[in-house]
Structures are given as C-alpha cells and as structure tokens.
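Visitor: I'm new here, so please take me in close on the charged side chains and the partners they meet. Take your time over it.

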Amino acid sequence: MIRALDHMVILVNDLTLASAHYTRLGFTVTPGGKHADGATHNALVVFPDTTYLELLAFLRPTPEHRWWHHAAHGEGLIDFALLPGAIEQDVADARDRGLALAGPIAGGRLRPDGQRVSWQSALPDTPDLPFLCGDVTPRTLRVPEGPARRHANGATGIAAVVVAVADLAASVARYRALLGGDASGPTFELGGATITLADASTKAARTRLERRGEGLLALTLRAGPASGAGRLDPSRTHGAPIDLDVSLP
C-alpha cells in the first residue's frame with residue numbers, strides 16, 4: 001500500500017543560489033549530491049514528518065531526461081513522489097486496477113560524503129500523476145535525520161499539495177487506481193496529508209496548464225505557532241508557490 005507523500009521536485013537554474021535563497025527563508029538545506037545518470041544534482045529540505053523538498057538543477061543539456069522539457073518553461077514545481085510500502089506490489093496493484101506504471105526502475109545518487117544511495121521508482125504515463133520512490137538502501141541515507149530536519153522558520157512537514165489537471169474526472173479515476181480505496185476525489189488523503197486536483201476552472205490551475213501543462217501546482221507546509229504564516233516570497237522559492245500554515249496540527 002502506498003504510504004505517504006515522499007518529496008516535491010523544484011527545478012532551479014543554479015543549485016548554489018537556490019540553496020542560499022531557501023536558507024534565507026529559514027530552511028535548513030542539505031546538499032544531496034549528483035544523480036547516477038550524471039544529468040542532475042540536488043539539495044534537500046527535509047522535514048520532521050520525513051517528507052522533503054528536492055531542489056534540482058541540470059548539470060548539462062539532457063533532452064532525453066523526463067524533466068528536461070520543463071527547463072524551457074523556467075524554474076518551479078515540476079513533479080512529486082509518493083512513498084510506497086513495497087514498490088513491486090504497489091505497482092502490481094495499480095496495474096490490476098487498470099493504471100499503467102513503468103517500473104520498478106533503479107535509481108540513485110552519490111552524496112557529497114561519498115555515500116551511495118539507491119532507490120527504485122515507478123513512473124506513470126500521464127503528468128497529472130506522481131511517481132513512486134521506494135528505498136533500496138536505508139531511507140535515512142536518502143532522507144537525513146537530526147539537525148537537517150530542524151528549520152528556523154518552524155516548518156515541520158508537507159500538509160497539502162494541489163495538482164493542476166486537464167480533465168478532472170479522468171484524473172480522479174487515475175488517482176483512485178493509483179491509491180486504491182473508494183475516495184471520490186477531487187481531494188485524496190494520504191498519510192496525514194491531502195492531494196487536491198484542480199482543473200482550469202480555477203485561475204491558478206489554468207495558468208499552470210497553459211504554461212507548463214498538468215502537474216504539481218502548489219504546496220502547503222505545516223509550521224509552528226511562532227512561525228510567520230503565509231505565502232513565501234516566490235523570488236526566493238524560485239517560482240514554487242509554497243505556503244506556511246500555522247493552523248495545521
């Protein structure tokens with residue numbers, strides 16, 4: 001069974017600059033390293049609830065990469081991942097419910113400290129859906145613990161995401177096939193967070209669909225009562241619409 005949100009992917013042009021900007025927003029940013037294909041590198045903002053933001057930049061032009069087309073549309077939210085319980089079984093279950101998923105596919109990266117991290121992913125064939133990311137090496141190697149999860153701005157986790165979709169009914173059906181259960185949508189609960197689908201009837205979704213197509217639109221982070229609530233400066237988040245909400249448990 002798919003367990004929870006795993007991470008959000010934020011495309012940035014310059015990883016060093018983006019890391020500095022997220023630090024100024026009060027996040028603790030941890031260098032992630034270079035991915036196994038050599039095309040990208042990343043840095044992580046990890047939360048106490050074990051979810052994280054992945055700041056990702058290309059190291060070279062890579063037209064064959066599944067995210068490369070986003071580079072033409074600028075920085076911002078481009079994708080997100082869910083955490084499977086057992087990825088092979090979760091892929092099989094989704095296929096039994098009529099959903100096409102490619103995988104499991106081996107992936108990994110080399111951390112700056114020389115530690116190799118490995119995982120398996122499963123990829124949907126439509127951009128409205130997230131991918132699955134299941135650990136092969138211990139999860140704490142990919143998602144560091146301790147001080148990396150403490151943030152000066154009080155952020156404690158990802159509470160909600162919004163996904164822009166072209167056909168609401170079709171996307172609801174695909175999410176039901178991916179997640180199982182009998183939720184009718186357009187909001188799905190998963191591991192203490194929510195995933196809400198929004199179509200072109202909302203201005204923000206319509207803008208996303210026109211600019212970049214279907215996919216991750218916005219996210220809300222839980223934050224402590226002493227934090228400053230509201231939308232974070234998009235010039236510092238590199239185009240990612242991120243809200244801090246102090247009212248969420």
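Guide: Let's get one term straight: a residue is called exposed when its relative accessible area is over 50%, buried when that area is under 20%, and partly exposed in between. Keep in mind that this is a predicted model.

Now try the terms on Asp 113. Its relative accessible area is 52%, so Asp 113 is exposed. Its partner is Arg 111, and their side chains meet in a salt bridge with N and O at 2.5 Å. Arg 111 has a relative accessibility of 19%, so this end of the bridge counts as buried. As a rule, side chains of opposite charge can pair when their charged atoms come close.

How many such bridges are there? The structure holds 8 salt bridges. Another of them brings together the side chains of Arg 174 and Asp 128, at 3.0 Å from N to O. This one links distant parts of the chain: Arg 174 belongs to helix H4, residues 168-179, while Asp 128 sits in the loop between E7 and E8, 46 residues apart from it. Asp 128 has a relative accessible area of 0%, so it is buried. Arg 174, at 22% relative accessibility, counts as partly exposed.

Next, look at Asp 135, which is partly exposed with a relative accessible area of 26%. Asp 135 forms a salt bridge with Arg 139, where the closest N and O atoms are 3.4 Å apart. Follow the shared partners and you get one network joining Asp 6, Asp 135, Arg 139 and Arg 142.

A charged side chain can turn up beside a ring too. Arg 66 lies over the face of Phe 131, at 5.3 Å from the ring centre.

Since we've come to rings, here is how they pair with each other. The count comes to 5 aromatic pairs. In one of them, Phe 58 and Trp 68 have ring centres 4.9 Å apart and planes at 85°, which is over the 60 degrees required, so the pair is edge-to-face. These two are 10 residues apart, with Phe 58 in strand E4 and Trp 68 in the loop between E4 and strand E5. Phe 58 is buried at 14% relative accessible area, whereas Trp 68 is partly exposed at 26%.

Last stop: the largest pocket, with about 480 Å³ of space. Where do charged residues come in? Its lining has 5 charged residues, along with 10 nonpolar and 8 polar ones.

Definitions and conventions
Residues are numbered from 1 along each chain as its sequence is written. This is a predicted model: local features need pLDDT of at least 70, side-chain atom pairs count only at pLDDT 80 or more; totals for chains, interfaces and linings use all residues. Side-chain values use heavy atoms; hydrogens and water are left out. On a 1 Å grid over the protein atoms alone, a cavity is a set of points where a 1.4 Å probe fits but cannot get out, and a pocket is an open set with protein on both sides within 12 Å along at least five of seven lines; lining residues have an atom within 4 Å of a point. Grid points are joined across faces, edges and corners, and a volume is the space filled by probe spheres set on the points. Ala, Val, Leu, Ile, Met, Phe, Trp, Tyr, Cys and Pro count as nonpolar, Asp, Glu, Lys and Arg as charged, and the others, Gly among them, as polar. Rings of Phe, Tyr and Trp (its six-membered ring) pair if their centres lie within 6.5 Å; planes under 30 degrees apart count as stacked, over 60 as edge-to-face and the rest as tilted. Helices (H or I, at least four residues) and strands (E, at least two) are DSSP runs, numbered from the N terminus. Buried means under 20% relative accessible area, exposed over 50%, partly exposed in between (1.4 Å probe, protein chains only). A charge sits over a ring if NZ of Lys or CZ of Arg is within 6 Å of the ring centre and within 35 degrees of the ring normal. A salt bridge is a side-chain nitrogen of Lys or Arg within 4 Å of a carboxyl oxygen of Asp or Glu.
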